Amino acid sequence: MRVDKTFLRSRVARRIFFLFVLCALVPISALAILSFRQVTAQLHQQSQTRLRQATKAVGAAIYERLLFLEGEMILIGIDSNSGSILIPQRQSEGPGTKVTQRFNGIILLTGSGAERSLSGRVADPPDFSAGEREHLKAGKTLITSQAHSGLGVRIFMSRALPQNPGGILVGEINP
């Protein structure tokens, strides 16, 4: 089938043809651009919402783990009769449930500045500022971190022992 081009010979016919093409293409192009922008904005909004939900879930999981670790630090205490440290070992719950597996090491810093290893090894424990010591004396748990070039970031959980004045229990969290 051949298209007859004789209708484009007159000036009026060409104008009507280009006007028709212009009236058909401009609205379609405008609609395509508008649709593209709206779909892009909606996809961006959905990805932001999913990212916000995912970070909220991860943050809640980290918070729950820290609360669990704080509970484990509270369970580690000093026997009032013998003065020895009690580290609970609940092996009946399955692998990976022992306190010593959740912490790389646990040490007791005495009021005189001496270190006593209770479990594992904690190299270079954190130094506490006056404000941090006040925080610990108030019976609260302190979370600190240290960045080392070869070891990465190390996270410590510290808690004052009320039975041992000046004693601070420091555990390096196994990430």
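# Strand 7, its partners and two pockets

Both faces of strand 7 are covered, since I168, V170 and E172 on one side are buried, and L169, G171 and I173 on the other side are buried as well. The structure is a predicted model, and this briefing follows strand 7 to the strands that pair with it, then to a residue of strand 6, and finally to two pockets.

**Strand 7 and its partners**

- Strand 7, which runs over residues 168–173, is mostly covered, with six of its six residues buried.
- Strand 3, made up of residues 103–109, pairs with strand 7 in the antiparallel sense over six bridges, and within this part of the structure L108 has L169 of strand 7 as its bridge partner.
- Strand 6, made up of residues 152–160, also pairs with strand 7 in the antiparallel sense, here over five bridges, and F156 has E172 of strand 7 as its bridge partner.

**S158 in strand 6**

- Is S158, a residue of strand 6, buried or exposed? The relative accessible area of S158 is 0%, and because buried means under 20%, S158 counts as buried.
- When neighbours within four places in sequence are left aside, S158 is in contact with I168, L169 and V170, among others, and these three residues belong to the buried residues of strand 7.
- The other contacts of S158, with the same neighbours left aside, are M73, F128, L136, K140, T141 and L142.

**The largest pocket**

- The largest pocket has a volume of about 280 Å³, and of the 18 residues that line this pocket, R159, A160, L161, P162 and G167 are the closest to its centre.
- Which elements give two or more residues to the lining of the largest pocket? They are helix 1 (11–75), helix 3 (130–137) and strand 6, and helix 3 gives the most, with three residues.
- Sorted by class, the lining of the largest pocket divides into nine nonpolar, six polar and three charged residues.

**The second largest pocket**

- The second largest pocket has a volume of about 170 Å³, and its lining includes L109, T110, G111, G113 and E115, together with P125, P126, D127 and F128.
- R133, G166 and I168 also line the second largest pocket, and I168 is one of the buried residues of strand 7.
- F128, which is part of the lining of the second largest pocket, is also among the residues in contact with S158.
- By class, the lining of the second largest pocket has five nonpolar, four polar and three charged residues.

Conventions: Residues numbered from 1 in each chain as written. Predicted model: local features only at pLDDT ≥ 70, side-chain atom pairs only at ≥ 80, totals over all residues. Heavy atoms only, no water. Buried < 20%, exposed > 50% of the residue type's maximum accessible area, 1.4 Å probe, protein only. Helix = DSSP H or I, 4+ residues; strand = E, 2+ residues; numbered from the N terminus. Pairing = 2+ DSSP bridges. Contact = heavy atoms within 4.5 Å. 1 Å grid on protein atoms, 1.4 Å probe; cavity = no way out; pocket = protein on both sides within 12 Å on 5 of 7 lines; lining within 4 Å. Points joined across faces, edges and corners; volume = space filled by probe spheres on them. Nonpolar A, V, L, I, M, F, W, Y, C, P; charged D, E, K, R; others polar.
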